[in-house]
Each structure stands twice: as structure tokens, then as C-alpha cells.
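The following exercises concern the sequence and structure shown below. Attempt each task before reading its solution.

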Amino acid sequence: MRAASAPRINSMALLILPSTLLFALFFFLPIGLMAVMSALTGNPVVMPNVAITAKHYARMGHDGYYLEVIWTTIRIGLWTTLASLLVGYPLAHWMARIRSRTGHALLLMAVLAPMLTGIVVRTFAWMTLLSDKGVINQILISLGLITTPLQLMYNETGIIIGLVHIYVPFMVLTLTGVIGRIDERLEQAAENLGASPWRAFIEVTLPLSLPGILAGSLLVFALAISAYVTPILLGGFQIMTLPILIYQQISANFNVGFAAALGMVLLVISLSLVIAYNHVLGLVSGQRELQ
Amino acid sequence: MSAAIEIASVSKIYDGGVRAVDSVAMDIRPGEFFSLLGPSGCGKTTTLRMIAGFDSPSAGEIRVDGADITHVPAHKRDMAMVFQNYALFPHRTVAENVAFGLRMRKIDKTTIAAKVKSALAMVELSGMDDRRPAQLSGGQQQRVALARAIVISPRVLLCDEPLGALDKKLRQQMQFELKQLQKNLGVTLVFVTHDQEEALAMSDRIAVMNAGRVEQIGTPAEIYDQPRTRFVADFIGDTNIFRGQRVAIDHGSGIAVGNGLVLALPVTAAAADGDVLAVALRPEKMTVSTTDAGETQGKGSSARGTVESTNFLGGAVLYRIVLESGQRVLAQQPNSGAAPLHRPGQAITLGWRPADLVILED
């Protein structure tokens with residue numbers, strides 16, 4: 001018989017303490033508070049007799065306006081994700097397959113450089129391009145292609161253009177990592193067996209890069225639906241999205257409970273996507289079939 | 001069905017100016033098992049990739065059955081390749097992997113199913129249809145790669161060190177099977193390897209490559225027994241290489257390799273006295289005996305020495321011998337059991353036939 005040794009704390013485990021504290025204090029605690037607030041009639045700090053209620057959520061369900069805002073937010077997120085994918089995939093593929101080190105460095109710089117400029121600055125830059133008297137409309141009019149300026153701003157198109165520009169690097173970097181790990185010889189094997197380069201891409205590279213497509217899309221979508229500055233500036237308050245609505249509820253209406261409930265909706269949308277992502281990933285990678 | 005491949009002074013120069021392949025020329029005959037043999041970086045894989053169409057030559061032409069295919073894209077060449085790492089599609093089942101080439105050829109489903117079944121049976125993988133490559137052993141993956149290549153009945157089968165990752169026993173078995181399969185199908189097979197034993201065992205003909213150039217093309221026996229260059233003699237098997245000046249001796253000519261040792265040259269040797277030559281002598285072409293060959297001494301076909309080390313190889317014994325004239329040579333004797341092994345330190349006499357000396361180009 002041997003005496004059971006007392007459980008010892010591995011000293012290495014202490015290293016994760018700072019990040020654990022950080023997450024607990026600044027991530028789980030605020031989200032927990034937000035969840036609590038969304039189910040209370042008022043702020044328990046200033047009001048003594050608060051009660052648990054579902055009225056904030058009921059308000060969203062009954063008023064078509066809020067459902068409309070949620071749907072607009074999701075729609076902008078989806079279009080931004082799709083456009084980022086279409087713009088980002090070819091770029092990521094190029095970056096992953098380029099042989100020249102200099103070429104790779106230049107591409108990486110081109111992708112990262114916009115991220116060094118503030119979102120506000122970049123959004124204003126887009127406004128000078130997209131407005132009625134902006135660069136694009138002026139050029140098109142002077143070329144005689146159009147007579148009245150195109151409506152490129154203060155609508156969803158403008159917001160999506162601005163968001164794609166800001167979030168496409170996230171898509172590119174995520175995809176480059178995944179595509180770079182796909183063995184080039186797999187494409188060659190496909191071509192060798194009679195697949196055209198395009199067919200080889202569809203049959204081999206695309207399905208194998210699906211994890212990257214999913215991860216990049218998830219990232220861009222989550223960022224796009226929670227974006228605030230770009231939808232305000234390029235939407236000019238004509239388009240209402242969830243983050244703008246939340247801000248209004250807090251700063252103008254002082255309705256923290258309702259704002260918290262809207263925040264929870266945003267969180268649930270993102271979380272359910274993460275769960276769906278893990279599920280789909282498990283299916284496509286075929287891990288379930290392995291013992 | 002099988003095709004002839006002509007490689008006409010093909011070069012491949014990479015961006016940095018590196019000549020990976022330098023004016024390579026070879027004619028591969030229909031139905032031949034043709035090996036490209038050489039150390040890593042000799043250009044053998046680049047040559048294979050140019051035949052497959054993954055790399056395009058900087059100069060020269062590649063022709064299949066007389067038709068120039070130098071600029072035909074890979075997917076229109078009708079050649080099948082077995083990759084070094086097999087390059088099986090990890091997201092597809094074994095059957096889907098094998099069916100890929102047939103599917104690209106727009107063959108109807110029932111035919112595909114039948115062909116896949118027979119191809120898998122041919123490589124003894126029946127019943128593995130629904131497995132994924134990751135669930136197979138290295139040897140099984142290798143067979144799937146082979147089945148995927150042969151199922152499309154290609155005109156040419158290209159193999160890039162396909163057996164390199166297998167352990168020795170399995171590799172030997174696959175060598176036999178691959179050769180048998182190639183003969184049964186009658187397909188032209190171009191086989192890249194750095195393993196000289198493998199090349200000698202399997203090939204109809206071998207092209208030995210070094211530093212982007214072809215050193216020699218010939219049958220395994222020609223390559224082994226009549227190496228043309230010092231590189232070939234050195235790369236294929238063990239060999240003793242001597243260098244020296246040509247001199248006249250009693251019955252013909254010899255080569256003075258230093259410290260008074262003179263080796264008689266074969267009578268067919270064409271060279272003038274005074275030329276500096278290099279000659280190769282295979283270890284197993286020498287005899288090692290304890291009897292003093294007094295009367296043959298000085299005729300250039302024997303030398304005295306001392307055994308330095310004795311390596312028992314099982315089927316043969318390899319001796320390292322220091323000659324009286326100072327040179328170290330390898331001599332191999334079959335383990336016939338007729339005579340006891342010579343121990344290190346023992347004085348012996350080496351003998352050989354002048355005809356076994358091969359004159360090398362440097």
C-alpha cells in the first residue's frame with residue numbers, strides 16, 4: 001500500500017494566473033453583470049426595489065423596429081463577410097503560394113499597412129471617396145457615364161464598403177495560414193490526374209481551406225456586427241445597427257437594462273456562430289470518423 | 001499504350017541563376033523501367049517534374065511519341081505520378097482518391113466503380129474503400145497512390161522516390177510488386193531514386209545524374225561493370241579508384257599509382273604513355289589469399305598487403321587492406337565457407353584480372 005501523495009500545484013500553473021484574473025475581471029464579470037442587468041427592472045445600485053423581468057426582451061420581440069435593427073445588423077455582417085471572403089481569398093492564396101520572400105513581405109505589408117491607421121481616419125477617407133461630390137462620383141460624371149451621383153454613402157452599401165476595407169486583413173491573415181499549410185503537391189496530384197488548375201482548386205484546395213474560410217468568416221462577421229464608428233459615419237444615422245442602438249439607449253435614453261438586453265442579443269448571435277463553427281469544422285475535417 | 005519519351009537537351013535554370021538541370025538528353029523507350037539515379041540536388045526530381053509538366057524547361061524540348069509536349073499543361077499530358085509523400089487527398093476516402101482521375105475523364109459512374117474495385121484489388125486493398133488516408137499505414141497509403149495512378153491507364157507512370165518512406169522489408173516487397181505491375185501493364189515508367197541498390201534491382205536502364213548533368217545512361221550491369229566516370233564508379237556500390245600515369249610494362253601497358261605499385265591495364269585500353277588516368281576496381285573482383293603469389297608479382301595483377309579490418313556482411317566478407325605500397329583498398333569475398341576468415345593483421349596477397357579494371361573519365 002502506498003500513501004496517496006497530496007495534490008501539488010504545479011508552479012507552471014501560476015503563469016496562467018494573470019490571464020485568468022484579467023479574463024475574470026474584465027471579461028466574465030462585465031458580461032455577467034450585463035446578463036443580470038438585462039433581466040432587471042432598473043439599476044440595483046440606485047434603485048432599492050428592483051425586480052426580475054423579461055420586459056426588455058419582450059419589447060424587442062413585440063416591436064418590429066428592433067427586429068428590423070437586428071436583421072439589418074446581421075445583413076450588413078453577412079454582406080461584409082461575403083465581400084471580405086471574395087476579396088481576401090485570392091489575396092491570401094497568392095500570399096500563401098508566392099515563392100519570392102520579398103514578394104511575400106510586400107504583400108504582407110500591403111495587407112497590414114491599413115491597420116496602422118485609425119478606423120476614424122480611414123472611414124473619413126472613404127467619405128471623401130464615396131460622397132455625392134466625392135472622387136468616385138466626380139470621375140464617373142466627368143466621364144459622362146452617369147448624370148446624377150450614385151448613392152454610395154448614408155446607406156448599407158457605404159457601410160459595407162467601409163467595413164470590408166477595415167476587416168479584410170483579418171480574413172486574409174486567417175486564410176493565409178490555412179492555405180499555406182495545404183501541401184502544394186496535392187494540387188499538382190489533382191492536375192496530374194487530369195484536373196484543370198481551376199478544377200484542382202475546387203476539388204482540393206477549396207475544401208481543404210474550409211476551416212480557414214469558416215474561421216475568417218466568423219471573425220469578420222463578429223467584428224462587423226459589433227462595429228460602431230463605421231456604421232455611424234458612413235451610414236450617417238440613416239442606418240440603425242445594434243451597436244448604435246445600444247449606444248443611444250445608454251447615452252440618450254439612460255435605459256441600461258434594455259441596452260444590456262440588446263447587448264445579450266449581439267453576444268448570443270456571435271456565440272451561436274462559434275458553436276455552429278465548431279460543429280461544422282468537426283464534420284468537414286472528418287474527425288468524427290476516426291476512432 | 002505505353003509511350004516513348006525524348007528529352008532533348010533540356011535545361012532548367014532557376015531565378016537565382018542556379019542550373020538545376022543542365023542540357024540533359026535521354027531517350028526513354030516504350031514500356032521501359034527507366035530510373036533517374038543520383039544524390040539529392042542532382043536534378044533528378046526537377047527532370048521528373050518537367051516530364052510531368054509541373055516545371056517548364058528553360059531550354060530544350062520534351063517529346064512523347066514524337067509530339068512536342070514542352071508547353072502542354074500538366075493536366076493534358078496523360079501521365080500519372082506517384083509522389084514521394086503520396087499526396088493523397090486527405091479529405092477523400094480511398095475509393096474517392098482512386099476514382100479522382102477517372103472522374104476528371106468524365107467516365108460514367110458504373111465504369112468508375114468497377115475500375116476502382118479492380119485497381120484496389122490489384123494493390124491488395126480490397127475492402128478499404130471507405131477509409132481515409134490518415135487511417136492507413138505508410139505501405140497502404142503507398143498502394144493507394146499507386147492504384148490512383150494506374151487506374152487511369154496512363155501512357156507514362158512517373159514515380160518520385162515512392163518507396164523512400166517504407167521500412168526495408170516492405171520496400172523490398174514493393175520493389176518486386178512495382179516491377180511486376182509495370183511489366184504486366186506494359187507502361188513506360190520513369191522512376192526517381194537516390195538508392196542505387198533499388199535502381200540496380202528494378203530498372204531496365206538507369207540514367208545516373210550529378211550536378212544537373214547525366215553522367216551515364218545504361219543497363220544496371222553496364223552502369224555497375226563499366227562506369228564511365230569517376231562519379232558513377234564512386235556512387236554505385238563500393239569501389240577502389242586509383243589514379244596514376246600510364247607506363248609501359250612487360251606485356252602491354254600499366255598505370256603507376258604510386259610507391260612502385262603498377263596495375264596492368266586491360267589490353268583494350270586506348271591511351272598514350274604518360275597520360276594521367278583514373279581506374280576503378282570493384283572489391284568483389286579481387287581475390288584475397290594467404291598464398292604468396294611470388295611469380296605473378298610485378299605483372300600488375302597482384303599486390304601484397306595486410307588486413308586492416310574485417311567486416312562480416314553475412315553473405316560476404318568485406319576486408320579493408322593496406323597494401324605494401326601504402327594504398328588502402330576494399331576487397332570483398334563471398335562467404336562460401338571454403339576458407340576461414342582473414343583476421344586483421346594477417347599478411348595477404350590480393351589478385352585481380354587486368355580486364356576488370358575500368359578506365360574512368362574524370
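## Exercise 1: The neighbours of a covered strand

Task: Determine in which sense, and over how many bridges, strand β7 (residues 156–160) of chain B and β8(B) pair.

Solution. Strands β7(B) and β8(B) pair in the parallel sense over five bridges. Two strands pair if DSSP finds at least two bridges between them. Helices (H or I, at least four residues) and strands (E, at least two) are DSSP runs, numbered from the N terminus. One bridge sets B:Cys159 opposite its partner B:Phe191 in β8(B).

The model is predicted: local features need pLDDT of at least 70, side-chain atom pairs count only at pLDDT 80 or more, and totals for chains, interfaces and linings use all residues. Residues are numbered from 1 along each chain as its sequence is written, and chains are lettered from A and ligands numbered from 1 in the order in which they are written.

Next, consider β3(B). Strand β3(B) and β8(B) pair in the parallel sense over five bridges. Here B:Ser35 has B:Phe191 as its bridge partner in β8(B).

Finally, examine burial. A residue is buried if 20 or more other C-beta atoms lie within 10 Å of its own, exposed if 12 or fewer, and partly exposed in between, with C-beta atoms placed from the backbone. In strand β8 (residues 188–193) of chain B, six of six residues are buried, and the strand is mostly covered.

## Exercise 2: Two directions from one strand

Task: State which residues point one way from β8(B) and which the other way.

Solution. In a regular strand the side chains alternate between the two faces of the sheet. From β8(B), B:Thr188, B:Val190 and B:Val192 point one way. B:Leu189, B:Phe191 and B:Thr193 point the other way, and all of these residues are buried.

## Exercise 3: An enclosed strand and its hairpin

Task: Explain why strand β9 (residues 205–210) of chain B is described as largely enclosed.

Solution. Five of the six residues of β9(B) are buried, so the strand is largely enclosed by the rest of the structure.

Its pairing can then be followed strand by strand. Strand β3 (residues 33–37) of chain B pairs with β9(B) in the parallel sense over four bridges, and B:Leu36 stands opposite B:Ala207. Strand β10 (residues 213–218) of chain B runs antiparallel to β9(B), and five bridges join the two. The bridge partner of B:Asn210 is B:Arg213 in β10(B). The hairpin of β9(B) and β10(B) has two residues between the strands, and B:Ala211 there takes a positive phi near 50°.

## Exercise 4: An open sheet

Task: Give the order of the five strands that form an open sheet in chain B.

Solution. The order is β13-β12-β11-β14-β20, with antiparallel pairing. The edge strands are β13 (261–264) and β20 (358–360) of chain B, each of which pairs on one side only. From one strand to the next, the twist averages 45°. Within this pattern, strand β12 (residues 252–258) of chain B pairs with β13(B) over four bridges, and B:Gly258 stands opposite B:Leu261.

## Exercise 5: Helix packing in chain A

Task: Classify the angle between helix α3 (residues 64–97) of chain A and helix α7 (residues 156–180) of chain A.

Solution. The axes come within 6 Å and cross at roughly 40°. Axes are lines fitted to C-alpha atoms, for helices over the stretch in contact, and angles run from 0 to 180 degrees between N-to-C directions. Angles under 35 degrees count as roughly parallel, over 145 as roughly antiparallel, 65 to 115 as roughly perpendicular and the rest as oblique. Helices α3(A) and α7(A) are therefore oblique to each other.

A second pair is treated likewise. Helix α3(A) packs against helix α10 (residues 210–225) of chain A at an angle of about 140°, with the axes 8 Å apart. That angle makes α3(A) oblique to α10(A).

## Exercise 6: Chain B as a whole

Task: State how many helices and strands chain B has, and what percentage of its residues is buried.

Solution. Chain B has eight helices and 20 strands. Of its 362 residues, 40% are buried. Along its principal axes, the C-alpha trace of chain B spans about 80 × 45 × 35 Å.
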